[in-house]
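Colleague: Could you take a close look at one part of this model with me? I would like to go through the place where the two chains meet.
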Amino acid sequence: MLLIKCPHCGERAETEFSYGGEAGIQRPANPDALNDAEWADYLFNRKNPRGMHAELWNHAQGCRRWFRVERDTVSYLISDSREL
Amino acid sequence: MSEALITAKVLHDCGHINLRGRRNDAAFVAAVESVCATSLPQALTTAASGDLRIYWLGPDEWSLVTTAEKTAALLAALNGATAGMHVAVNDLSAAFVTLALGGSKVRELLAKGCTIDLHPAAFASGACAHTGLAKAGVLLALQHVEFRLIVRRSFADYLLQWLHRSGAEYGIEFV
Amino acid sequence: MTAVNSRRVSFAGRIDRSQPLTFRFNGKSYRGFAGDTLASALLANDVALVSRSFKLHRPRGIVGAGAEEPNAIVQVGSGARTIPNLRATQVELYDGLEARSSRGWPGLRFDIGAITDRFSRVFAAGFYYKTFMRPKALWKYSEYFIRAAAGFGVAPTDADPDHYAHRNAHCDVLVAGGGPAGLMAALVAAKSGARVILADEQNEFGGSLLFATDLIDGRPATDWVAATVAELQALDNVTLLPRSTVFGYYDHNFLAIAERCSDHLGAAASGVRQRLWRVRAKQVVLAQGAFERPLVFCNNDRPGVMTASAVSTYINRYAVCPGGRAVVFTNNDSAYQAALDLHGAGATVVIIDSRRHGAGALGSLASETGIPVLQGHIVCDVAGREHVTGVSVAQWDGDPSESVSPSINIECDLLAMSGGWSPAVHLHSQAGGKNVWNEELLCFVPGVAVQQCVVAGAGNGRFSLHDALQDGIDAVGAALAKIGFKAADLTPPSSDGSAGRPTQALWRVPAALDPDRCPKQFVDFQNDTSVADIRLAVREGYCNVEHVKRYTALGFGTDQGKLGNINGMAVLAECLGETIPAVGTTTFRPAFTPVTFGLGAGENTGLLLDPLRTTAIHECHQDAGAPMEVVGQWHRPWYFPHAGEDLHAAVNRECLAVRTAVGIMDASTLGKIDARGPDVVTFLERIYTHNIGKMAIGRCAYGIMLREDGMLMDDGVMARIGEQQFYLTTTTGGAANVLGWLEKWHQTEWPELEVYLTSLTEQFSTIAVAGPKSRDVLKNAGCNIELDQDSFPFMSVREAELGGIPVQLFRVSFSGELAFEVNVASRQAATMWRQLAAAGKEFGITPYGTETMHVLRAEKGFVIVGQDTDGSVTPVDLRMNWLLSKDKDFLGKRSLARPDCVRDDRKQLVGLLSEDNRTVIPEGTQLVTDPAAPTPVPMCGHVTSSYYSASLRHPIAMALVSGGHARKDEIIFASLADGSAVPVRIVAPVFYDPKGERQHV
């Protein structure tokens, strides 16, 4: 069970959090301007790296804030956690 | 067990107000602090002033708990003082059940269902945390030797049963 | 029957002779003492045969003295409290203990399975796969016999009545293992001011010191143990956990400990039986010690063959000498201690040392004591079937590939063996750490730690007592430094530091015949894996260690290869012509030793399995005798039966009451959200599909939200309370999700929008009053506002009072009738419910439950998210195009134009009418166009909702049908479970009052 540092509440057990997937995915400003392939890329395609991964977590059972975590998907080492 | 090492009490005389606002908005902070006669608490702590306790819930959210009788006046005062500001003041008095827990084994009992560190060095008087207890979300706070447990009302029966069963090994008395 | 405790010797040991105990094993009564384990008590009573082996059903005896025991697997207790799969070596004896062999069905001495041993060449590795898996049809017949014969014990069939508990804990340093290194590490950490947990699986701390003859500071080692434990006990920053196995090492230094609180008390037990400690440790010191390896020679599994350290343990700790005429067979120095212990206990001993140069200091001691030592010799075979009667010994010059000629036969009743030592690297490996082969020590030692842990003592390859103590200090010092503690300055007490002569590599002991023809040389006792099995696996093409494991079962089972793994790897390496490190080890996984289901469940059983959430009106429903339906975690009244009514009768009555008079329902579980702020309109416009800005204050609207992929996510009525304030409702199941969804978009994508979202779900309870007489009921209940159509039109909201209680009144309808929803503070909800019931009495007000609510909404064709939709349904599929604004963007809008979302053959919502006008098609039924088509019959959709409509007097159904919108009036078929096909007609999904006139009155 991971120990995740909420930028507001400090380190808490993974069970207090929900996972929000890859961080930094910006919603296109004008979706209608995108063709089907570009829209599908925004919707479905994610990096899924072996190694460092920027991801969103929500402290669902605590302060309810979303924040950004840098986590190694191999070692699970969390090297950074910060407010959005 | 001959002697109960834990006591639990449901506090019926509580009013709850949920407050949202910007911590970095000086006018907002001043307005709230003048109404409450105490400063807004820092992260993971409680501020107290008379019957009023202010629990930190998040960077822009607080829970104000006072007696049922004083709730309407506090609500009105907060609404008045923050008029025109971007805030949310909601009466949630009926949304929560408040429990007071005490006794020599209360930390052990809570540690059975709570994953945060409740060692006196890590969770001292004045501390508060929104966290999980067994399978319910709770606001947990400590004032001197008394723990307060604030839980959504629909989870209260579940949590009381959990306390009853989990506290049995220490002896728990509901007063 | 043998004499009582015939094997007991006169040493004090650590048993309490003043407390004799009686116990039963396999139905027979025996006696032992407090402080015994079941294993030591059985050995004291000269019980050698304790089980039959897994595959070949060979007689087996006790081999070890702790967690590594592969054979003495027992079931303890009976009835609901029984625990299977315990190692007799770890079961503390208590008065009245009842145990039986987990294996050996139907009886140990007459064993029908033993016939398999006679055909053991047939039962080689992979036999079961090869024989029984093909033809597949045969397996279901053979499986029963195989499973029964190979069973590992029996699960209780009744609920366990005992109390199991969980406990979360935090510490600076968790020390796993309370032997010399662990005690030393815990003492340093404790004196440094750190919060320490010390856990050890045994009933008392001390580990190897409990059976060692070593001196510490010139006194018996157990004196130092007692003093150290007393010192730790006196410190309030230390938690001591005896009888506690650290069985799992998970991510981010999260460890699980199984504490057996009262298992050892038998009938005297009270309180918590077992406790699961869930520990988050800043640093972990792994001091789990090492396991002694068996030697791999012919018939090395005969009862009476034990590891040398187990023999020492039984003699010194339990005052039991397992034999009178012993042979000690070793490739290293440590087993000489067993020989000395045996000699001291009055047994005759011969040492067979494979090394031509023999042992160091202990060897000299043995010679001085007069123990004969045969150096450069090996035990190549064992005589005796149900017990060792003798050994064949041959001279050996150290070449592992040659065959040998036995030249000496020695009669004996005990063979103590030592093949060297393997550090217990299990937790280090579970934590993700690799292990490194040490050619000098001939074992894997822990490599670089991946998590915040250090390894100390024998588990780190520091086998001498002095080295282990020093390593405990060094390891914990490094750990403390990492978390900012200055380690207390302690030096180890004085003790023996001699290493002895090196261990000789002897992985497979040469025999008179080659390895494929000689009697079985067992590598893994629990799984009956022999050298020949591994060689066969290699011949059949398995060369990866993980494949060989699965093909031969090496390292499976409750002992997880604690004894056999390294020998197995070495034999495999020899076959492959590789080195041991090149072959590598298999993966270690939790649990280190088996744990009970009760431990995992803890107190979360029965009513506490999942929270049952109740509304503020719950008590009224219970008083009314309503059966409950669990919706999510909520307990909701399902229907309100009158005397003699079943579900259908009650629902028919409730439905008609709402359509003709008035009904009342608890709708409190709906999610409720207060949304406010200067940008609330902008925010909600992006979330909901309809035009928010156009909503007038005091008006309500039905709104839906889509996921970004265009699929319907949730729906509900919303109301505009003020210029910058909205009240949103969600489905019961979606309440938490929707709030989280709104927060996610607000916080991650549009933080510039000034909006606050607050859940009101628990603050307000909602009572629906529905039916043509609902207005009259509210009037009668003392409503202080005008309720007529002009003052309070359909789809609007008003602040009001009902009988003096402030309420928020919504004129909305989920039944299609004139209806109101009353929002009231939850503390007054039960009172309000009773007031409305009283006010409606003269109009025949009828409480109704979730079932009637479902029928009423289905008659109107209103969907339930999650029932008529499943995450793959767009609003277009539901014909909700009218809700999709063309004037703005909203989440999911672009996706509705994706090619997949505009396919003509998408499953679309339709109504269905049974052609026979009476069959209620079961929900979930598959629909087919042509039931006579060759199988597999292509399916064209499925039924999502289906009820009997009392108002219409015929069944109605909703379904998702491929291209359904264009198939009106087509007859298709519902394919029922009994094989029949019922013709159904596709119709519009609005069955009742299609023009919607009844709610506008």
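How many residue pairs are in polar contact across the interface of chain B and chain A?

Modeller: Happy to! Please keep in mind that this is a predicted model. Across the interface of chain B and chain A there are six residue pairs in polar contact, both residues at pLDDT 80 or more. On the chain B side, strand E4 (52-58), E8 and E9 each give two or more residues to the surface that touches chain A. E8(B) gives the most, with four residues. By type, the chain B side divides into eight nonpolar, six polar and three charged residues.

The count of salt bridges between chain B and chain A is two. In one of them, Arg65(A) pairs with Asp60(B), with the closest N and O atoms 3.9 Å apart.

As for extent, 17 residues of chain B are in contact with 11 residues of chain A. Together the chains bury about 980 Å², with 47% of that area on carbon and sulfur atoms. Within chain B, the residues that lose the most area to chain A are Pro59(B), Thr115(B) and His130(B), which together make up 37% of what that side buries.

For context, there is also an interface inside chain B, between domain 1 (7-11 + 95-174) and domain 2 (14-94). Those two domains bury about 1,200 Å² between them, 57% of it on carbon and sulfur atoms. Zero salt bridges are found across that domain interface, while five residue pairs there are in polar contact, both at pLDDT 80 or more. Strands E8 (128-133) and E9 (136-143) of chain B are among those that each supply at least two residues of the domain 1 side touching domain 2.

Note on methods
Residues are numbered from 1 along each chain as its sequence is written. Chains are lettered from A and ligands numbered from 1 in the order in which they are written. This is a predicted model: local features need pLDDT of at least 70, side-chain atom pairs count only at pLDDT 80 or more; totals for chains, interfaces and linings use all residues. Side-chain values use heavy atoms; hydrogens and water are left out. Domain bounds come from an automatic or database domain assignment. Buried area is the accessible area (1.4 Å probe) that two parts lose on being put together, summed over both. A salt bridge is a side-chain nitrogen of Lys or Arg within 4 Å of a carboxyl oxygen of Asp or Glu. A polar contact is a pair of N or O atoms within 3.5 Å; within protein, one must be able to donate a hydrogen and the other to accept it, and residues adjacent in sequence count only if both atoms are side-chain atoms. Contact means heavy atoms within 4.5 Å. Ala, Val, Leu, Ile, Met, Phe, Trp, Tyr, Cys and Pro count as nonpolar, Asp, Glu, Lys and Arg as charged, and the others, Gly among them, as polar.
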